[in-house]
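Colleague: I am new to this structure and would like to understand the reasoning behind the words used for it. Could we go through them one at a time?

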Amino acid sequence: MAKIIAIANQKGGVGKTTTSVNLAASLAAIKRRVLLIDSDPQGSATVGCGVDKQAISASLNEVLLGTLKITDAIIKTDWQMDIIPANGDLTVAEVRLLQSEHREQQLKQCLSAVMAEYEFIIIDCPPSLNMLTVNALVAADSVLVPIQCEYYALEGLTSLLSSIEKIRRAVNPNLQLEGLLRTMYDGRTRLTVEVSEQLLEHFGHKVYHSVIPRNVRLAEAPSHGMPVLGYDNRSQGAAAYLALASEVVRRQEQALPAPIEV
């Protein structure tokens, strides 16, 4: 049964899509069965996996509208992982969902058909708390929050955690904070170190040991339609996301109940 992780932050520009694509690719690289869902109408995760978002005829939009089976929207990528792509058409589903009964449950219901096929399902959320993000949070087991080590990012984090708690109380009581991921990290700056220390003080083990550095190769990879592992697997960015994938898997294994000895 797949673990569903929503990658979310209401603040843009924090490395959310970069994390979605590269965590999914890194999990696949360590032999986990992974499905990446692009839930952002901008379609950046789709492009980052080498899929032409303008050429697709089957996407998350059709899945959420109920005109297409979820299995018919899955595309196999060159990176040993699958993706359900998105483009600007997804705004249609966002509007229609507002008028639907059980609108916040739509993605969860759709995912039930593929849960047994994957070990991890990664959802790249839009940078706002709209109906698409709500659907992702209702479907998810946990939320991974990429965060820059700057003071404005801390303010946005408070708002996001409040939203997660509201979803947990109202619709998805099993929703957990998967972890906080420090992105665009530059340990040479005093501000970065100070904010990092604050995160560790307030959130403890919820802050990943892995940090994602500022890295040119990581920034260049999406323009080539590749995760950084495909673009430059020796780069600092590639190493950082592989470390994160290993940490995610390790945490998952530690959380599972011990097998019953016969």
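Colleague: Where does Val-114 lie?

Modeller: Please keep in mind throughout that this is a predicted model. Val-114 is found in the loop that runs between helix 5 (106–111) and strand 5 (120–124).

Colleague: Why is Val-114 called buried?

Modeller: The relative accessible area of Val-114 is 1%, and the word buried is used for values under 20%, so Val-114 is buried. Leaving aside residues up to four places away in sequence, Val-114 touches Leu-35, Ile-70, Thr-71 and Ile-74.

Colleague: What makes strand 5 largely enclosed?

Modeller: Five of the five residues of strand 5 are buried, and therefore the strand is largely enclosed by the rest of the structure. Phe-120, Ile-122 and Asp-124 point one way from strand 5, while Ile-121 and Ile-123 point the other way, and all are buried. As background, in a regular strand the side chains alternate between the two faces of the sheet.

Colleague: How do you know that strand 1 and strand 5 pair?

Modeller: Two strands pair if there are at least two bridges between them, and five bridges join strand 1 (residues 3–7) to strand 5, so these two strands, which run parallel, meet the requirement. One of the partnerships is that of Ile-7 with Asp-124 in strand 5. Strand 2 (residues 34–38) also pairs with strand 5 in the parallel sense, over five bridges, and here Ile-37 has Ile-123 of strand 5 as its bridge partner. Strand 1 is in turn joined to strand 6 (residues 142–148) by three bridges, again in a parallel arrangement, with Val-143 in strand 6 as the bridge partner of Ala-6.

Colleague: What order do the strands of the open sheet follow, and why are strand 3 and strand 8 said to stand at the edges?

Modeller: Eight strands form the open sheet in the order 3-4-2-5-1-6-7-8, and the pairing is mixed. Strand 3 (75–76) and strand 8 each have a single partner strand, so one side of each is left without a neighbour in the sheet, and that places them at the edges.

Colleague: Is strand 8 mostly covered or mostly uncovered?

Modeller: Strand 8 (residues 207–213) is mostly covered, with five of its seven residues buried. Three bridges join strand 8 to strand 7 (residues 176–185), and the two run parallel; in this pairing Leu-180 has Val-207 of strand 8 as its bridge partner. Strand 7, helix 8 (residues 190–203) and strand 8 together make a right-handed β-α-β unit.

Colleague: Why is helix 7 called roughly parallel to helix 8?

Modeller: The axes of helix 7 (residues 151–170) and helix 8 come within 10 Å and cross at roughly 25°. Angles under 35 degrees count as roughly parallel, and therefore helix 7 is described as roughly parallel to helix 8. On the side of helix 7 the contact is made by Tyr-151, Leu-154, Leu-157 and Leu-161, and on the side of helix 8 by residues including Leu-191, Glu-194 and Val-195.

Colleague: What makes helix 4 roughly perpendicular to helix 6?

Modeller: The axes of helix 4 (residues 90–97) and helix 6 (residues 131–139) come within 9 Å and cross at roughly 80°. That value falls in the range of 65 to 115 degrees, so the two helices are called roughly perpendicular. Leu-90, Glu-94 and Leu-97 of helix 4 make the contact with Met-131, Leu-132 and Asn-135 of helix 6.

Colleague: Why does Cys-49 form no disulfide?

Modeller: The closest cysteine sulfur to that of Cys-49 is in Cys-125, at 15 Å, whereas a disulfide needs the sulfur atoms within 2.5 Å, so the pair is too far apart for a bond. A search of the whole structure finds zero disulfides. Cys-49 is itself buried, with a relative accessible area of 5%.

Colleague: Why are His-102 and Met-184 called partly exposed?

Modeller: Partly exposed covers the values between the 20% limit for buried and the 50% limit for exposed. His-102, at 48% relative accessibility, therefore counts as partly exposed, and Met-184, at 26%, does so as well. His-102 is in the loop between helix 4 and helix 5 and has a positive phi, near 55°, while Met-184 lies in strand 7 and has a positive phi of about 50° although it is not a glycine. For comparison, most residues other than glycine have a negative phi.

Definitions and conventions: Residues numbered from 1 in each chain as written. Predicted model: local features only at pLDDT ≥ 70, side-chain atom pairs only at ≥ 80, totals over all residues. Heavy atoms only, no water. Helix = DSSP H or I, 4+ residues; strand = E, 2+ residues; numbered from the N terminus. Buried < 20%, exposed > 50% of the residue type's maximum accessible area, 1.4 Å probe, protein only. Contact = heavy atoms within 4.5 Å. Right-handed = clockwise from strand over helix to strand, strands pointing away. Axes fitted to C-alpha atoms, helices over the stretch in contact; angles between N-to-C directions. Parallel < 35°, antiparallel > 145°, perpendicular 65-115°, else oblique.
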